[in-house]
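Reader: Hi! I have just loaded this model and would love a close look at one part of it instead of a full tour. Could you pick a single stretch, start from what leads into it, and work outwards from there?

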Amino acid sequence: MSTSLFVGCSFTSGVGFELEADDPSLWVNMLHAQTPALSSTELINYSEGGASNNNVFYNAVNGLVKHQPKYAFVQWTSAPRYNVSLGLETYSTRQFFGQNIQSIDCNLHNVSYPASYLADVGNRFLSLHHPYADILTIVEYINTLNTLTKITGTRIFFINGNIVTGK
């Protein structure tokens with residue numbers, strides 16, 4: 001059976017929905033179910049909550065190579081967004097840095113970083129960031145994915161995930 005691949009951040013993975021990726025109200029599932037060309041394919045969701053555009057790109061490449069889907073939908077997320085693993089512990093030490101992202105305490109086996117310290121580090125790092133770099137990177141990612149889809153025979157669609165909601 002042919003497949004349809006979806007890749008993105010929490011907006012595409014279903015974070016916040018009761019059934020997450022399996023929730024029928026998630027836009028991915030609604031699009032898949034209500035589009036005849038897609039509903040005849042198996043839905044594969046490689047999305048990940050908190051993913052940066054770098055993560056989205058790598059997940060898209062992995063999904064394209066592994067599944068060679070008939071269709072691929074790649075939802076780019078807001079930028080700048082970085083996620084970093086701060087330690088090699090057996091538990092998650094993942095920390096997110098970006099606009100409107102709150103830091104959380106991180107306890108490693110030999111040191112603890114309070115959320116306030118990590119927020120300061122993130123803000124200092126982001127002050128060096130320029131949006132022009134994000135635009136160039138997305139263009140490079142799109143060109144690479146377009147080349148790869150020519151090899152796999154996949155029809156690809158890019159989705160702007162920079163959604164602004166009102167209060």
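**A strand and its surroundings**

Author: Let's begin at glutamine 68, which is found in the loop between α4 and β3. Please keep in mind that this is a predicted model. Although glutamine 68 is not a glycine, its phi is positive, at about 40°. The strand that this loop leads into, β3, is the part I'd like to show you.

How many of the residues of β3 are buried? Six of the six are, so the strand is largely enclosed by the rest of the structure. In a regular strand, side chains alternate between the two faces of the sheet. For β3, Tyr71, Phe73 and Gln75 are on one side, and Ala72, Val74 and Trp76 are on the other. Residues of both groups are buried, so both faces of β3 are covered.

Now for the sheet itself. Which strands form it, and in what order? There are four in this open sheet, in the order β2-β1-β3-β8, and their pairing is parallel. The edge positions belong to β2 (42-45) and β8 (155-160); each has a single partner strand, so one side of each is left without a neighbour in the sheet. From one strand to the next, the twist averages 15°.

On one side, β3 pairs with β1 in the parallel sense over four bridges. Here serine 4 has tyrosine 71 of β3 as its bridge partner. On the other side, six bridges join β3 to β8, again with the strands running parallel. There tryptophan 76 is matched with asparagine 160 in β8. One step further out, β1 and β2 run parallel and are joined by four bridges, and threonine 3 has glutamate 42 in β2 as its bridge partner.

What packs around the strand? In soluble globular proteins, nonpolar side chains tend to be buried together. In this model the largest nonpolar core has 17 residues, and those with the most contacts inside it are Leu5, Val56, Leu64, Val74, Trp76 and Leu145. Two or more residues of this core come from each of β1 (3-7), α4 (53-67), β3 (71-76) and α6 (131-152). Apart from it lies another core, of six residues, with Val28, Leu38, Tyr71 and Phe73 among them. Notice how this fits the two sides of β3: Val74 and Trp76 are on one side of the strand and Tyr71 and Phe73 on the other, with Val74 and Trp76 listed for the core of 17 residues and Tyr71 and Phe73 for the core of six.

For a residue in the larger core, take leucine 64. Leaving aside neighbours within four places in sequence, leucine 64 is in contact with Leu5, Pro69, Ala72, Leu145, Leu148, Thr149, Thr152 and Thr154. That list includes Ala72, which is one of the buried residues of β3.

Helix α2 (residues 27-34) comes next. This helix lies across β1, β2, β3 and β8, and runs at about 160° to β2. Which residues of α2 are buried? They are Val28, Asn29 and His32. These residues cover an arc of only 95° around the axis, which puts them on the same side of α2. An α-helix has 3.6 residues a turn, so residues three or four places apart point the same way. What covers the buried residues of α2 includes β1, α1 (10-13), α3 (36-39) and β2.

As you may want to look at ring systems too, a search of the whole structure finds 10 aromatic pairs. Phe73 of β3 is buried, and Phe73 also belongs to one aromatic cluster together with Phe6, Phe11, Trp27 and Phe157.

Finally, let's leave the strand at its far end. Where does proline 80 sit? Its place is in the loop between β3 and β4 (81-85). The peptide bond from alanine 79 to proline 80 is cis, with omega near 0°. The two loops flanking β3 therefore each hold a backbone detail for you to inspect, as the loop between α4 and β3 contains glutamine 68 and the loop between β3 and β4 contains proline 80.

Terms used: Residues are numbered from 1 along each chain as its sequence is written. This is a predicted model: local features need pLDDT of at least 70, side-chain atom pairs count only at pLDDT 80 or more; totals for chains, interfaces and linings use all residues. Side-chain values use heavy atoms; hydrogens and water are left out. A nonpolar core is a set of buried Ala, Val, Leu, Ile, Met, Phe, Trp, Tyr and Cys residues joined through side-chain atoms within 4.5 Å. Buried means under 20% relative accessible area, exposed over 50%, partly exposed in between (1.4 Å probe, protein chains only). Contact means heavy atoms within 4.5 Å. Two strands pair if DSSP finds at least two bridges between them. Axes are lines fitted to C-alpha atoms, for helices over the stretch in contact, and angles run from 0 to 180 degrees between N-to-C directions. Rings of Phe, Tyr and Trp (its six-membered ring) pair if their centres lie within 6.5 Å; planes under 30 degrees apart count as stacked, over 60 as edge-to-face and the rest as tilted. The arc is that of the directions from the helix axis to the C-beta atoms.
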